[in-house]
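Me: Please choose one part of this model and take me through it closely, step by step. I am in my first year, so please explain each term when it comes up.

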Amino acid sequence: MTIEKLKHDFPHTIIKENEPLSSYTYTRTGGPADALIFPKRKEEVQALIKWLTKEDWPVTILGNASNLIVKDGGIRGATIILTEMNQITIKDNVITALTGAPLIEVSKRAYSASLTGLEFACGIPGSIGGAVYMNAGAYGGEVKEVIEKVTVLTREGDIVERTNEEMAFTYRHSKLQESDDIALEVTFVLKEGKKEEIKEKMDELTFLRTSKQPLEYPSCGSVFKRPTGYFTGKLIQDAGLQGLVWGGAQISTKHAGFIVNINNATATDYIELIEHIKEVIYKENGVELETEVKIIGEDLTPEATGGSTLLNKAKESLTPKFSQISLAKEN
Ligand SMILES: Cc1cc2nc3c(=O)[nH]c(=O)nc-3n(C[C@H](O)[C@H](O)[C@H](O)COP(=O)(O)OP(=O)(O)OC[C@H]3O[C@@H](n4cnc5c(N)ncnc54)[C@H](O)[C@@H]3O)c2cc1C
């Protein structure tokens, strides 16, 4: 199991060795991928999966890395990033997009073709595949409402089509989260609309997003799923946590549901802050917050950190975990 053999057998595929994932993630954190692989075609992904399975390599799939925290130790084995698979085609009211196409771009192309139904997605920074995996949504819309079918690659290496029903979409969830299938292509069916009305809706949603979300900082969007009967941001605000800084990460002063990277944060800063928020909210409200963001990869080894994460330091000094942390303002 060597990267040389992989490179030898896939001479036309871009494969980067020991590549820092912080250059790809929206939080700008995360350790290196042993092998970061950039396929361009569906059949290439299929051949890669068959090869990697046969060689017993662990495989991780990345889209636009906008809903991920990759731990500081990085990802072992093969990481397949699908962003080079980004072709979009439109025929009448049907849009077919390869998995790595940016959802924002698909939404824009729908507007250009006077097709309505994807206005809600005009500011969601994921790829099509990531949007399917998460059933991404905003402002009352979800991708499940406009998806007709998804072409997937099973981990056995077969390319098959799944209907919308077979994807079992629910809130921020799809069948992909259990099946481990890889989305390769998505077919959207939209309705004909009026261009000026589509634009008006997109402008309105863009205004709402830019005025409410801390888009000027790296982040992974809403960290937590919305718990039934509550608003996460309000729970965090009411608990007095908004603005809290942990290492280089901060609970956004603009939107308490976001954690922003204000000063070279590590993934460990993010993860410890998330744990702290969960602990406080559970103690104060009995609400168990569930992360929307996916946390993947490996911790840094104790040798690499010298055993000194911020959490360990706080424990060692026997001070309450956050007592000495200043509340910094973002701007
Ligand atoms: C500023 C900001 C605002 C955001 N606003 C919203 C919002 O309004 N609504 C919303 O729903 N989300 C929002 N998000 C989160 C994020 O953009 C979405 O969850 C998006 O759908 C993730 O897509 P991605 O390509 O970035 O996936 P990634 O982060 O790359 O991956 C997420 C998960 O999907 C899996 N995955 C990715 N591609 C595939 C594939 N092709 N096949 C199988 N599995 C795959 C990965 O393995 C991983 O487990 C926001 C994020 C940011 C940073």
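**Where domain 1 touches domain 3**

Reply: Of the contacts in the protein with a separation of 6 or more, 66% join residues that lie 24 or more positions apart, where two residues are in contact if their C-beta atoms, placed from the backbone, lie within 7 Å. Before going further, please keep in mind that this is a predicted model, in which local features need pLDDT of at least 70 and side-chain atom pairs count only at pLDDT 80 or more, while totals for chains, interfaces and linings use all residues. Residues are numbered from 1 along each chain, as its sequence is written.

A few overall values set the scene. The protein has 331 residues and a radius of gyration of 21 Å, which agrees with the value near 20 Å for a compact globule; this radius is taken over C-alpha atoms, and the globule rule is 2.2 Å times the number of residues to the power 0.38. Along its principal axes, the C-alpha trace spans about 60 × 55 × 35 Å. There are 10 helices and 19 strands, which are DSSP runs numbered from the N terminus (H or I and at least four residues for a helix, E and at least two for a strand).

The part I have chosen involves two of the domains. The assignment gives domain 1 (3-81), domain 2 (88-209) and domain 3 (219-316), with bounds that come from an automatic or database domain assignment. The centres of domain 1 and domain 3, taken over C-alpha atoms, are 26 Å apart, and 18 residues of domain 1 are in contact with 19 residues of domain 3. On the domain 1 side of this meeting, β4 (68-70) and β5 (75-81) each supply at least two residues, and β4 gives the most, with three. Sorted by class, that side has five nonpolar, nine polar and four charged residues; here Ala, Val, Leu, Ile, Met, Phe, Trp, Tyr, Cys and Pro count as nonpolar, Asp, Glu, Lys and Arg as charged, and the others, Gly among them, as polar.

Strand β4 also holds Ile-69, which is worth a closer look. Ile-69 counts as buried because it has 25 C-beta neighbours inside 10 Å; the rule is that a residue is buried with 20 or more other C-beta atoms within 10 Å of its own, exposed with 12 or fewer, and partly exposed in between, with C-beta atoms placed from the backbone. Leaving aside residues up to four places away in sequence, Ile-69 touches Thr-27, Thr-29, Cys-220, Ala-267, Tyr-270, Ile-271, Val-293 and Ile-295. Trp-57, by contrast, is 12 residues from Ile-69 in sequence, and the two C-alpha atoms are 21 Å apart in space.

Among the partners of Ile-69 are Ala-267, Tyr-270 and Ile-271, and these three belong to the buried residues of helix α8, together with Thr-268, Asp-269, Glu-272, Leu-273, Ile-274, Ile-277 and Ile-281. Helix α8 has 19 residues and reaches 27 Å from its first C-alpha to its last, close to the 27 Å expected, the expected span being 1.5 Å times one less than the number of residues. Just after α8, Gly-286 takes a positive phi of about 70°.

Two other residues have a positive phi as well, and neither is a glycine. Most residues other than glycine have a negative phi. Asn-264, in the loop between β18 (258-261) and α8 (267-285), has a phi near 50°, and Asn-264 is exposed, with 12 other C-beta atoms within 10 Å. Arg-28, in the loop between β1 (14-20) and β2 (32-38), has a phi of about 60°; with 16 C-beta neighbours inside 10 Å, Arg-28 counts as partly exposed.

One last residue leads back to α8. Leu-241 sits in the loop between α7 (232-238) and β16 (245-246) and counts as partly exposed because it has 19 C-beta neighbours inside 10 Å. Not counting residues up to four places away in sequence, Leu-241 touches Ile-236, Ile-251, Ile-277 and Val-280, and Ile-277 is one of the buried residues of α8.
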